[in-house]
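Biologist: I have a chain in front of me and no idea where to begin. Could you walk me through it?

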Amino acid sequence: MTLGLLYDVHGNLPALEAVLADAGDVDSWVLGGDYALFGAWPRETVERLRSLDGRWIRGNGERWTADPSDAPEPVHGAVERCRELLGDELVAELAALPESLTDGGTLYCHGSPVSDIESFFPEPGPGEEELLGGVATGRVVFGHTHLAFAREGPHGVELLNPGSVGMPFDGDPRAAYAVVRDGGEVEHRRVAYDQQAAADAIRERIGAAGELAAKRVERASFGVS
């Protein structure tokens, strides 16, 4: 059995479709949060994900869409537009998803075991042991930073970020995902799609509030202006 890992789709339906077309060998999925926010197709993306054999967890995007009180001020307009496009019922349903799930020796979360915002980066940094929240063995799968990597963390815990389907931040605009095969072997994958069309659709459907997200999709970078 091959497990696919989909994180940080961000309402980018063309990127998701490109990944699914590439993933013919995947039997089931873990869906790691941030499904709808900032993209041009929030509801359509969630509906497409519902067609998969997948287990879902919540990201900060789902939490912010239900309650933007701790979301950064510059994204409030995009949060409100996403809420309009999803509808209150679906917003509430997504916000009620579990924060994490555990399967064997693997913990799946969005940012880290203790937060959907604080996370790990490709290079080791201070405070990682605290972010593990007591996890001392096995593998932790997470997203949020939109950077695909795998490395060893504190206590030998394997840290695995599949990357972002809809909005990579590593300079490569191709959609990112990962698969885990029997025995635990991990393969990171990238899939090309028309990211310029996806960015243009954000501008069209989200309006001025989506400009930051559109630039991030175009440039595959967090730091845009």
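Modeller: Start with one word. A residue is buried when its relative accessible area is under 20%, and exposed when that area is over 50%. Keep in mind that this is a predicted model.

Biologist: Which residues of α5 are buried?

Modeller: In α5 (residues 88-95), the buried ones are Leu 90, Val 91 and Leu 94.

Biologist: Why do they fall on the same side of α5?

Modeller: First the general idea. An α-helix has 3.6 residues a turn, so residues three or four places apart point the same way. Now the case here. The three buried residues cover an arc of only 105° around the axis, so they sit on the same side of α5. On the other side, Asp 88 and Glu 89 are exposed.

Biologist: What do the buried residues of α5 pack against?

Modeller: Their partners are α2, β3, α3 (60-66) and α4.

Biologist: Let me try α2. Which of its residues are buried?

Modeller: Helix α2 runs over residues 42-50, and its buried residues are Pro 42, Thr 45, Val 46 and Leu 49. They cover an arc of only 95° around the axis, which means that they lie on the same side of α2. These residues pack against several elements, including β1 (3-6), α1 (13-22) and β2 (28-31). Also among them are β3 (54-56), α4 and α5.

Biologist: Now the whole chain. How many helices and strands does it have?

Modeller: The chain has 8 helices and 10 strands. Its radius of gyration is 16 Å, close to the 17 Å that the globule rule gives for 225 residues, so the chain is as compact as a globular protein of that length. Along its principal axes, the C-alpha trace spans about 45 × 40 × 35 Å.

Biologist: What share of the chain is buried?

Modeller: Buried residues make up 54% of the 225 residues. Look at the contacts too. Of those between residues at least 6 apart in sequence, 63% join residues at least 24 apart.

Biologist: And what about the surface and the charges?

Modeller: The accessible surface comes to about 9400 Å², and carbon and sulfur atoms account for 49% of it. There are 19 positive and 38 negative side chains. The centres of the two sets lie 4 Å apart.

Biologist: Next, backbone angles. What sign of phi should I expect?

Modeller: Most residues other than glycine have a negative phi. His 146 has a positive value, with phi near 65°. It lies in the loop between β6 (139-141) and β7 (149-152). His 146 is buried, at a relative accessible area of 5%.

Biologist: What is phi of Ala 220 near?

Modeller: Phi of Ala 220 is near 55°, again a positive value in a residue other than glycine. Ala 220 is in the segment after α8 (211-219). With a relative accessible area of 1%, Ala 220 is buried.

Biologist: Last topic: partners distant in sequence. Where is Pro 122?

Modeller: Pro 122 is in the loop between β5 (106-108) and α6 (128-132). Its relative accessibility is 33%, so Pro 122 counts as partly exposed. Leaving out residues up to four places away in sequence, Pro 122 touches Leu 147, Phe 149 and Arg 151. Pro 122 and Leu 159 are 37 residues apart in sequence, with their C-alpha atoms 9.2 Å apart.

Biologist: How far apart in space are Gly 77 and Gly 210?

Modeller: Their C-alpha atoms are 8.0 Å apart, although 133 residues separate them in sequence. Gly 77 belongs to helix α4 (residues 76-86). Gly 77 is partly exposed, at 37%.

Methods. Residues are numbered from 1 along each chain as its sequence is written. This is a predicted model: local features need pLDDT of at least 70, side-chain atom pairs count only at pLDDT 80 or more; totals for chains, interfaces and linings use all residues. Side-chain values use heavy atoms; hydrogens and water are left out. Helices (H or I, at least four residues) and strands (E, at least two) are DSSP runs, numbered from the N terminus. Buried means under 20% relative accessible area, exposed over 50%, partly exposed in between (1.4 Å probe, protein chains only). The arc is that of the directions from the helix axis to the C-beta atoms. Contact means heavy atoms within 4.5 Å. The radius of gyration is taken over C-alpha atoms; the globule rule is 2.2 Å times the number of residues to the power 0.38. Accessible areas come from the Shrake-Rupley method with a 1.4 Å probe; for residues, only the protein chains shown count as cover. Lys and Arg count as positive and Asp and Glu as negative; His and the chain ends are not counted. The place of a charge is taken as NZ of Lys, CZ of Arg, CG of Asp or CD of Glu.
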